[in-house]
Amino acid sequence: MKILFDFLPIIIFFAVYKYTGDIIMATAVLIPATIIQVAYSWIKTKTIEKMHIVSLVLVVLLGGATVLLGDGDFIKWKPTVVNGLFALAFLGSQFIGEKNIIQRMMGDKIELPFKVWRTLNLAWVGFFIVSAFANLYVAFQFSEEVWQ
């Protein structure tokens, strides 16, 4: 259920886009859906996950620009920005604290040498960078329908 909850705004976005074929309309629906998601999380648990906050800020900023300017390119940047921020966070965690992000998330479940934790963390940095550039390439080299 948590995965469904996490992806609900984007599922709504894709459903509206597929139904209307209008990225501006889909984005206009995405913004309140994301706000409702974050509000519901706060009401239910009195906490908001960092990923939801990042997503909300980017949806409101880039989605708002998409709707206000009538230009779907802004919302196409969101996955790239999110992946770029993740890459920076994972890379920065190599230098801040005693454990990187991967080790913090999984260190209580598995014991590995520091070198392996570092390699895993850097592999995730690479994944996020590749994902960011792949989104840019598809978003701006192919049709909107392919990007969707």
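Here are some worked exercises on a predicted model of an all-helix protein.

## Exercise 1: Get the overall picture

Task: work out how many helices and strands the protein has, and what pattern they follow along the sequence.

Solution.
- Start with the count: the protein has 8 helices and 0 strands.
- Reading along the sequence then gives the pattern α-α-α-α-α-α-α-α.
- For the extent, the C-alpha trace spans about 50 × 40 × 25 Å along its principal axes.
- Next, burial: of the 148 residues in the protein, 32% are buried.
- Last, look at contacts between residues at least 6 apart in sequence; 54% of these join residues at least 24 apart.

## Exercise 2: α1 against α2

Task: decide whether α1 is roughly parallel or antiparallel to α2, and find out which residues make the contact.

Solution.
- Pick out the two elements: helix α1 covers residues 2-20 and helix α2 covers residues 23-45.
- Their axes are 8 Å apart and the packing angle is about 160°.
- Angles over 145 degrees count as roughly antiparallel, so α1 is roughly antiparallel to α2.
- As for handedness, α1 passes α2 in a right-handed crossing.
- On the α1 side, the contact uses Phe 5, Asp 6, Pro 9, Ile 10, Ile 12, Phe 13, Val 16, Tyr 17 and Thr 20.
- On the α2 side, the residues include Ile 23, Met 25, Val 29, Leu 30, Tyr 40 and Ser 41.
- Sort the contact residues of α1 and α2 by class and you get 14 nonpolar, 5 polar and 1 charged.

## Exercise 3: Ser 41 and the loop after α2

Task: say whether Ser 41 is buried or exposed, and which backbone oxygen lies 3.2 Å from a polar atom of its side chain.

Solution.
- Ser 41 sits in helix α2.
- The cut-off for buried is under 20% relative accessibility; Ser 41 has 9%, so it counts as buried.
- The backbone oxygen in question belongs to Thr 47.
- Leaving out residues up to four places away in sequence, Ser 41 touches Phe 5, Lys 46, Thr 47, Ile 48 and His 52.
- Now follow one of those neighbours, Lys 46. Lys 46 lies in the loop between α2 and α3 (50-69).
- Lys 46 isn't a glycine, yet it has a positive phi of about 60°.
- Exposed means over 50%, and Lys 46 has 52% relative accessibility, so it counts as exposed.

## Exercise 4: α5 against α7

Task: find the crossing angle of α5 and α7, and the handedness of that crossing.

Solution.
- Helix α5 runs over residues 78-92, and helix α7 over residues 114-141.
- Their axes come within 8 Å and cross at roughly 160°.
- That angle makes α5 roughly antiparallel to α7.
- The crossing of α5 and α7 is left-handed.
- From α5, the contact takes in Pro 79, Thr 80, Asn 83, Gly 84, Phe 86, Ala 87, Phe 90 and Leu 91.
- From α7, the residues include Trp 124, Val 125, Phe 128, Ala 132, Asn 135 and Leu 136.
- By class, the α5–α7 contact has 12 nonpolar, 6 polar and no charged residues.

## Exercise 5: Zoom in on Thr 80

Task: find which residues Thr 80 touches, not counting residues up to four places away in sequence, and which backbone oxygen lies 3.1 Å from a polar atom of its side chain.

Solution.
- Thr 80 lies in helix α5.
- With 9% relative accessibility, Thr 80 counts as buried.
- Under the stated sequence filter, Thr 80 touches Ala 132, Asn 135 and Leu 136.
- The backbone oxygen at 3.1 Å comes from Ala 132.

## Exercise 6: Trp 77 and Lys 18

Task: place Trp 77 and Lys 18 in the model, then find how far apart their C-alpha atoms are.

Solution.
- Trp 77 is in the loop between α4 (73-76) and α5.
- At 38% relative accessibility, Trp 77 counts as partly exposed.
- Not counting residues up to four places away in sequence, Trp 77 touches Leu 62, Leu 136 and Phe 140.
- Lys 18 is in helix α1, and at 58% relative accessibility Lys 18 counts as exposed.
- Trp 77 and Lys 18 are 59 residues apart along the chain, and their C-alpha atoms are separated by 19 Å.
- Try Leu 62 too: Lys 18 and Leu 62 are 44 residues apart in sequence and 20 Å apart, C-alpha to C-alpha.

How values were computed. Residues numbered from 1 in each chain as written. Predicted model: local features only at pLDDT ≥ 70, side-chain atom pairs only at ≥ 80, totals over all residues. Heavy atoms only, no water. Axes fitted to C-alpha atoms, helices over the stretch in contact; angles between N-to-C directions. Helix = DSSP H or I, 4+ residues; strand = E, 2+ residues; numbered from the N terminus. Parallel < 35°, antiparallel > 145°, perpendicular 65-115°, else oblique. Left-handed = near helix turned anticlockwise from the far one by under 90°. Contact = heavy atoms within 4.5 Å. Nonpolar A, V, L, I, M, F, W, Y, C, P; charged D, E, K, R; others polar. Buried < 20%, exposed > 50% of the residue type's maximum accessible area, 1.4 Å probe, protein only. Polar contact = N/O pair within 3.5 Å; in protein donor to acceptor, adjacent residues only side chain to side chain.
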